Amino acid sequence: MKVILREDVANLGKSGELVTVKDGFGRNYLLPRKLAVLATEQNVRQLEHERSVISARNAKLKGAAEEQAKKIGAVKAVIRRKVGEQDKLYGSVTALDIAEALAAQGQTVDRRHIHLPEPIKATGQYEVELRLHRDVVAKIKVEVAAEA
């Protein structure tokens with residue numbers, strides 16, 4: 001099945017690209033979520049017409065992401081958790097916890113943009129990557145401290 005992507009899809013392609021996917025993936029995932037449209041002749045012609053609109057939208061999103069990255073770069077998130085022996089946490093700190101800590105400081109970030117390969121399970125200082133746009137990556141400092 002050939003589809004035209006309306007949004008970036010990880011491991012598949014960027015918005016505006018014509019890609020071939022398996023029928024089930026297109027029919028059950030991409031089309032219902034409006035991530036893609038079928039690649040009919042009319043849609044292909046419309047895509048060629050809208051390429052300039054898509055590139056302008058991507059440039060605007062990239063500019064907004066760069067501006068947000070500058071603001072977030074100066075922020076330090078402090079998360080307090082209960083700890084056991086050897087400074088190990090009861091539970092862990094996840095991307096959602098980091099997003100909530102940033103929101104408390106006035107910086108709204110979608111938790112899916114926070115790249116945390118594995119949850120944080122010990123106290124200390126960590127540098128966490130935020131992927132705000134496919135070309136814009138910001139790094140923030142996260143301090144996990146023991147609760148008093």
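Two strands pair here if DSSP finds at least two bridges between them. Helices (H or I, at least four residues) and strands (E, at least two) are DSSP runs, numbered from the N terminus. The model is a predicted one: local features need pLDDT of at least 70, side-chain atom pairs count only at pLDDT 80 or more, and totals for chains, interfaces and linings use all residues. Residues are numbered from 1 along each chain as its sequence is written, and side-chain values use heavy atoms, with hydrogens and water left out.

**Exercise 1. Work out the three-strand sheet: what is its strand order, and which strands stand at the edges?**

Step 1. Start with strand 1 (2-5) and look for its partners. Strand 2 (residues 18-20) pairs with strand 1 over three bridges, in the antiparallel sense. For a concrete pair, take K2, which stands opposite T20 in strand 2.

Step 2. Now try strand 3 (residues 36-38), which is also joined to strand 1 by three bridges and runs antiparallel to it. Here I4 has V37 as its bridge partner, and L5 has A36.

Step 3. Put that together and you get an open sheet with the order 2-1-3 and antiparallel pairing. Strand 2 and strand 3 are at the edges with a single partner strand each, so one side of each is left without a neighbour in the sheet. From one strand to the next, the twist averages 40° (axes are lines fitted to C-alpha atoms, for helices over the stretch in contact, and angles run from 0 to 180 degrees between N-to-C directions).

Step 4. Check the record too. An unreviewed UniProt entry places "domain: Ribosomal protein L9" at residues 13-40; positions are in the numbering used here, feature names are shortened, and annotations may be inferred rather than shown by experiment. That span is 29% helix and 21% strand, and its end C-alpha atoms lie 18 Å apart.

**Exercise 2. Do the same for the four-strand sheet: what is its order, and which helices pack on it?**

Step 1. The order is 4-9-8-6, in an open sheet with mixed pairing. Strand 4 (76-81) and strand 6 (114-115) are the edge strands, each pairing on one side only.

Step 2. Go to strand 8 (124-133). Nine bridges tie strand 8 to strand 9 (residues 136-146), and the two run antiparallel. They form a hairpin with two residues between them. Among the bridge pairs, Y126 goes with V142 and R131 with V137.

Step 3. Strand 8 also pairs with strand 6, antiparallel, through two bridges. In that pairing H115 stands opposite E129.

Step 4. Add the helices, with contact meaning heavy atoms within 4.5 Å. Helix 3 (residues 95-104) packs on the sheet and touches strands 4, 6, 8 and 9; its direction makes about 120° with that of strand 4. Helix 2 packs there as well, touching strand 8 and strand 9, at about 160° to the direction of strand 8.

**Exercise 3. Which element gives the most residues to the lining of each of the two pockets?**

Step 1. Set the terms. On a 1 Å grid over the protein atoms alone, a pocket is an open set of points where a 1.4 Å probe fits, with protein on both sides within 12 Å along at least five of seven lines; lining residues have an atom within 4 Å of a point. Grid points are joined across faces, edges and corners, and a volume is the space filled by probe spheres set on the points.

Step 2. The largest pocket holds about 870 Å³. Its lining has 26 residues, with D8, H113, L132, H133 and R134 nearest the centre. Helix 2 (41-73) and strand 8 each give two or more of them, and helix 2 has the largest share, six residues.

Step 3. The second largest pocket comes to about 300 Å³. It has 13 lining residues, and R6, V37, Q46, E50 and I54 are the closest to its centre. Strand 1 and helix 2 each supply at least two, with helix 2 giving the most, seven residues.

Step 4. Finish with the classes (Ala, Val, Leu, Ile, Met, Phe, Trp, Tyr, Cys and Pro count as nonpolar, Asp, Glu, Lys and Arg as charged, and the others, Gly among them, as polar). The largest pocket has nine nonpolar, eight polar and nine charged lining residues; the second largest has six nonpolar, two polar and five charged.
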